[in-house]
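Visitor: I should like to learn how to read the pockets, cavities and ligand contacts of a protein model. May we go through one example together?

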Amino acid sequence: RKASSPRHFLDIKDHSTETLRHILTLAARIKALQQGRRHPLCPGLPLAGRALGLMMSRPSTRTRVSFEIGMKQLGGTVNVLSPSEMQLGRGESIADTARVLSRFLDVITLRTGTDANLRELARWSSVPVINGLTPVSHPVQILADILTFEEHRGPITGRKLAWIGDGNNVATSMIEAAARLGFSLHLATPEGEFTPSETAVKWARDNGGDIRLTHDPREAAEGADAVITDTWVSMGDKDAENRLRIFRPYHVDKALMALASPEALFMHCLPAHIGEEVSKAVFESPASVVFDEAENRLHAQKGLLLWCMEKDDLSDYQG
Ligand code: CP
Ligand code: NVA
């Protein structure tokens with residue numbers, strides 16, 4: 001067992017600008033080295049002999065597949081675990097589960113509907129724990145988003161991004177990234193419970209982040225280098241009908257995109273609901289990089305896995 005504490009990845013804000021940049025560089029390097037490769041299973045891969053436990057207690061397509069395939073492409077093995085089918089589902093504690101899994105696995109990714117469960121798992125696990133989405137944050141998504149923005153438009157530092165719609169988990173991680181990576185983030189959300197997390201906004205502002213809040217999507221989109229949105233009904237959200245009504249003015253269409261920079265990207269973590277948060281015309285337009293974002297989940301997870309398992313010196317790995 002390691003004497004030092006494991007390299008958990010629970011939130012963007014837990015990591016310095018330098019660490020985040022290091023993970024993003026690893027992601028870009030492994031993407032270039034392994035581009036086009038399918039399941040290389042030869043020895044000598046950086047994570048040969050390592051095992052990832054993928055615990056998903058909520059649905060997932062991108063997070064699940066990108067972690068599983070990413071780990072395998074790095075030479076590791078994967079256990080996909082459904083918490084309801086584990087003894088957790090019969091009341092075994094998270095503390096005991098974490099200590100047992102730490103004896104078998106080298107890293108654990110958890111998607112949970114209860115943020116406290118992630119924190120509890122990380123508290124007891126002696127191997128790195130990665131946040132695969134909670135209702136509070138979605139940091140791994142943001143790594144892929146930054147990678148995608150920078151591939152298309154160069155350094156994100158100093159740029160203006162607009163977030164339109166729900167001040168949700170993905171928005172929180174984006175707010176934290178704005179502070180750490182030095183971009184300006186303008187968020188337009190409905191009032192009340194849909195505004196971004198006050199804690200995240202305060203933390204970001206205290207750490208030099210330029211975070212602007214408005215209820216007017218046009219104001220947020222003005223001159224933006226990217227317009228970002230997400231579903232109006234996240235996993236676990238109640239009262240979908242009411243949400244769809246309240247969010248109606250936050251629909252991203254061509255008229256809204258026309259207010260942004262002529263070079264503005266349209267971004268969305270997916271899954272998308274066409275006709276709700278975004279129009280078909282915008283989703284399918286040349287400005288839309290949503291499938292690059294989805295692909296970059298794979299490369300970002302690989303960079304992150306290398307960092308978490310302290311295999312982040314790729315100098316002896318040539319692909
Ligand atoms: N964007 C994202 O996390 O997608 P999944 O829910 O499919 O993992
Ligand atoms: N905000 C969405 C993101 C899904 C990837 C949700 O939490 O359901």
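Visitor: Which residues are around ligand 1?

Guide: Please note that this is a predicted model. A residue is listed around a ligand when one of its heavy atoms lies within 4 Å of the ligand. For ligand 1, the list consists of Ser60, Thr61, Arg62, Thr63, Arg111, His138, Gln141, Cys269, Leu270 and Arg297.

Visitor: How many residues of each class does the shell around ligand 1 have?

Guide: Sorting a shell by class describes its chemical make-up. The shell around ligand 1 has five polar residues, three charged residues and two nonpolar residues.

Visitor: Which atoms of Gln141, Cys269 and Leu270 lie at a short listed distance from ligand 1?

Guide: Here one looks for pairs of N or O atoms within 3.5 Å. In the case of Gln141, an N or O atom of the side chain is 3.0 Å from a nitrogen atom of ligand 1. Cys269 takes part through its backbone, where an N or O atom lies 3.0 Å from a nitrogen atom of the ligand. Leu270 also uses a polar backbone atom, and the distance to a nitrogen atom of ligand 1 is 2.9 Å. As for cover, ligand 1 on its own has 260 Å² of accessible area, of which the protein covers 95%.

Visitor: Which residues are around ligand 2?

Guide: The approach is as before. Around ligand 2 are Leu133, Asn168, Asn169, Asp230, Thr231, Ser234, Met235 and Leu270. By class, this shell has four polar, three nonpolar and one charged residues. Leu270 is listed around ligand 1 and is listed around ligand 2 as well.

Visitor: What are the distances from ligand 2 to the polar atoms of Asn168, Ser234 and Met235?

Guide: One reads each pair with its atoms named. A polar side-chain atom of Asn168 is 3.3 Å from a nitrogen atom of ligand 2. For Ser234, a polar side-chain atom lies 2.7 Å from a nitrogen atom of the ligand. With Met235, the pair joins a polar backbone atom to an oxygen atom of ligand 2, at 2.8 Å. The protein buries 93% of the 270 Å² that ligand 2 exposes when taken alone.

Visitor: Where do ligand 1 and ligand 2 sit?

Guide: Rolling a probe the size of a water molecule over the atoms shows where empty space is left. Ligand 1 sits in the largest pocket, and ligand 2 sits in the largest pocket too. The volume of this pocket is about 330 Å³. It is lined by 21 residues, of which Arg111, Leu133, Met235, Leu270 and Pro271 are the closest to its centre. Helix H2 (62-73) and helix H6 are the elements that give two or more residues to the lining. By class, the lining has nine polar, eight nonpolar and four charged residues.

Visitor: Where are Leu270 and Pro271 found, and what is the peptide bond between them?

Guide: One first places the residues, then examines the backbone. Leu270 is in the loop between strand S9 and helix H11, and Pro271 has its place in that loop between S9 (265-268) and H11 (280-283). The peptide bond from Leu270 to Pro271 is cis, with omega near 5°. In addition, Leu270 has a positive phi of about 65°, although it is not a glycine.

Visitor: How many cavities of 30 Å³ or more are there, and which residues line the second largest cavity?

Guide: A cavity is a space from which the probe cannot get out. The count is two cavities of 30 Å³ or more. The second largest cavity holds about 30 Å³ of space, and its lining is formed by Ile12, Leu20, Leu24, Ile142, Leu143, Ile146, Ala177 and Leu181. This lining has eight nonpolar residues, with no polar and no charged ones. Helices H1 (17-34), H5 (139-153) and H6 (169-181) each supply at least two lining residues, and H5 gives the most, with three.

Technical notes. Residues numbered from 1 in each chain as written. Chains lettered and ligands numbered in written order. Predicted model: local features only at pLDDT ≥ 70, side-chain atom pairs only at ≥ 80, totals over all residues. Heavy atoms only, no water. 1 Å grid on protein atoms, 1.4 Å probe; cavity = no way out; pocket = protein on both sides within 12 Å on 5 of 7 lines; lining within 4 Å. Points joined across faces, edges and corners; volume = space filled by probe spheres on them. Helix = DSSP H or I, 4+ residues; strand = E, 2+ residues; numbered from the N terminus. Nonpolar A, V, L, I, M, F, W, Y, C, P; charged D, E, K, R; others polar. Polar contact = N/O pair within 3.5 Å; in protein donor to acceptor, adjacent residues only side chain to side chain. Areas by Shrake-Rupley, 256 points an atom, 1.4 Å probe, with all protein chains shown as cover. Sits in = over half its atoms within 2 Å of the grid points.
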